[in-house]
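This report walks through one protein model, from a single helix out to the domains. Keep the sequence and the 3D view at hand.

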Amino acid sequence: MSDPLREDLESIPRYVPGKAIPDAVKLSSNEVPYGPLPGVVEAITDAAETVHRYPDLGVVKLRGVLSQRLGLPVERIVTGTGSVALIGHLMQAIAKPGSEVVYSWRSFEAYPIAATIAGITSVQVPNTADHRHDIDAMIAAVGPDTRAIVICSPNNPTGPAVTADELDRVFAAVPEDVLVVIDEAYREFVTDPACPDAIERYADRPNAVVFRTFSKAWGLAGLRVGYMVARPGVADAVSRCVIPFAVNAAAQRAALAALEAEGEMRRRVALVTSERKRTVMAARELVPDVPDSQANFFWLPLGERAVEFAAHCEQRSILVRPFAGDGVRVTVGLPEENDAMLEALRAFVER
Ligand code: PMP
């Protein structure tokens with residue numbers, strides 16, 4: 001009997017989510033610890049009245065508000081079921097036979113998944129010894145079949161963001177028929193003034209593509225809303241690959257409500273970034289070489305002890321995200337949660 005399934009399925013890596021165990025301290029998925037922003041629960045409740053109807057296919061209101069906020073025409077904004085879905089749709093939209101995509105490694109684990117599903121060859125460029133994108137090596141990896149270079153800033157899971165100087169170099173070096181994709185899922189947490197807002201700085205470049213999400217700072221991870229900004233032709237191409245009704249009605253309403261609560265979002269982000277500073281400084285006393293983080297998580301380069309540390313934390317009901325043989329990503333939580341994690345780290349390195 002012939003098999004109807006693709007022969008290369010084994011080569012599609014599986015996404016490994018951060019663990020969730022009831023009542024544990026959850027520092028495994030880069031969520032914010034404060035619950036929904038004001039107005040969000042009401043918006044979802046309102047949306048519940050009309051769940052027998054399809055949502056607005058064009059996501060007109062939300063895209064309209066984003067367009068005003070960003071100062072960009074609405075046809076340049078595409079929404080999707082989280083930015084992870086849009087990353088997949090972008091790969092589908094650029095998948096010509098033989099296509100390659102360049103990105104750093106280690107970086108967001110959805111990139112190899114999305115590339116492989118779309119039939120694109122991944123060219124992974126190792127990070128520098130201090131866990132940053134190796135921008136010169138990434139530029140050097142761009143070849144005639146490269147359709148896109150993906151820059152994750154801040155980089156999940158290692159934490160550093162790229163600077164304006166680094167991004168300027170990418171735009172100067174890469175031909176215009178190669179998309180420069182900047183994944184800014186954690187943009188709101190960036191405090192280093194050397195690291196630019198890619199929409200502000202590069203939106204006029206014809207090959208710039210920027211991803212943003214409502215999952216992190218805006219606190220809507222469970223509802224799945226992300227968006228992408230690109231030139232109209234690229235935005236149109238990606239929107240053709242989006243599954244119809246990708247952003248549900250509750251998610252559209254909730255994202256609008258979250259945007260109304262921007263002041264509170266900024267206040268929460270400031271709490272997270274100040275906790276980040278404190279926690280990273282304390283962690284550095286226990287583990288050398290914890291890299292700078294511009295996100296709501298940081299990286300413990302524990303190498304072969306990564307999985308062991310995660311298990312040690314789990315015994316204490318603390319969930320972190322190990323990457324076997326490499327390191328552990330720890331989300332910044334509430335002060336007492338961070339203290340519990342630091343205490344676990346101290347016990348681990350001293351044993
Ligand atoms: N990009 C990066 C760098 C991420 O870390 C994540 C979430 N882990 C995403 C995109 C996707 O986020 P979402 O699909 O929830 O918008």
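## Helix α6: two sides

The model is predicted. Start with helix α6, residues 164-173, where the buried residues are E166, L167 and V170. Viewed down the axis of α6, these buried residues fall within an arc of 95°, so they line one face of the helix. An α-helix has 3.6 residues a turn, so residues three or four places apart point the same way. On the other side of α6 sit D165 and A172, both exposed.

What covers the buried residues of α6? The cover includes two helices, α5 (135-141) and α7 (198-202). It also includes two strands, β5 (146-152) and β6 (179-183).

## M138 in the covering helix

Helix α5 is one of the elements that cover the buried residues of α6. M138 lies in this helix, α5. Is M138 buried or exposed? M138 is buried, because 25 other C-beta atoms lie within 10 Å, and the cut-off for a buried residue is 20 or more.

Setting aside residues up to four places away in sequence, M138 touches V102, S104, V125, H133 and I149. Take V125 from that list. V125 and M138 are 13 residues apart along the chain, and 6.0 Å separate their C-alpha atoms.

## The ligand shell

How many residues surround the ligand? The shell holds 13 residues, and the closest are G82, V84, A185, T213 and S215. Helix α3, residues 82-94, gives the largest share of this shell, with three residues.

By class, seven of the shell residues are polar, five are nonpolar and one is charged.

## K216 and its record

The UniProt record, an unreviewed entry, places the feature "modified residue: N6-(pyridoxal phosphate)lysine" at K216. Where does K216 lie? K216 is in the loop between β7 (208-213) and β8 (226-229).

K216 counts as buried because it has 27 C-beta neighbours inside 10 Å. Not counting residues up to four places away in sequence, K216 touches N30, V32, A185, Y186 and N296. Of these contacts of K216, A185 is also one of the residues closest to the ligand.

## Two domains and their contact

The domain assignment splits the protein in two. Domain 1 takes 9-36 + 263-350, and domain 2 takes 40-260. Taken over C-alpha atoms, the centres of domain 1 and domain 2 are 23 Å apart. Their contact draws 28 residues from domain 1 and 31 residues from domain 2.

Now look at the side of domain 1 that touches domain 2. There, α10 (262-284), β9 (297-300) and β11 (321-323) each supply at least two residues. Which element gives the most? It is α10, with four residues. By class, this side of domain 1 has 17 nonpolar, six polar and five charged residues.

## M341 in helix α12

M341 has its place in helix α12, residues 335-350. With 25 C-beta neighbours inside 10 Å, M341 meets the cut-off of 20 or more and therefore counts as buried.

Leaving aside neighbours within four places in sequence, M341 is in contact with L27, C313, I318 and V330. A246 lies 95 residues from M341 along the chain. The C-alpha atoms of M341 and A246 are separated by 37 Å.

Notes
Residues are numbered from 1 along each chain as its sequence is written. This is a predicted model: local features need pLDDT of at least 70, side-chain atom pairs count only at pLDDT 80 or more; totals for chains, interfaces and linings use all residues. A residue is near a molecule or strand if its C-beta atom, placed from the backbone, lies within 6 Å of it. Ala, Val, Leu, Ile, Met, Phe, Trp, Tyr, Cys and Pro count as nonpolar, Asp, Glu, Lys and Arg as charged, and the others, Gly among them, as polar. A residue is buried if 20 or more other C-beta atoms lie within 10 Å of its own, exposed if 12 or fewer, and partly exposed in between; C-beta atoms are placed from the backbone. The arc is that of the directions from the helix axis to the C-beta atoms. Two residues are in contact if their C-beta atoms, placed from the backbone, lie within 7 Å. UniProt positions are given in the numbering used here, feature names are shortened, and annotations may be inferred rather than shown by experiment. Domain bounds come from an automatic or database domain assignment.
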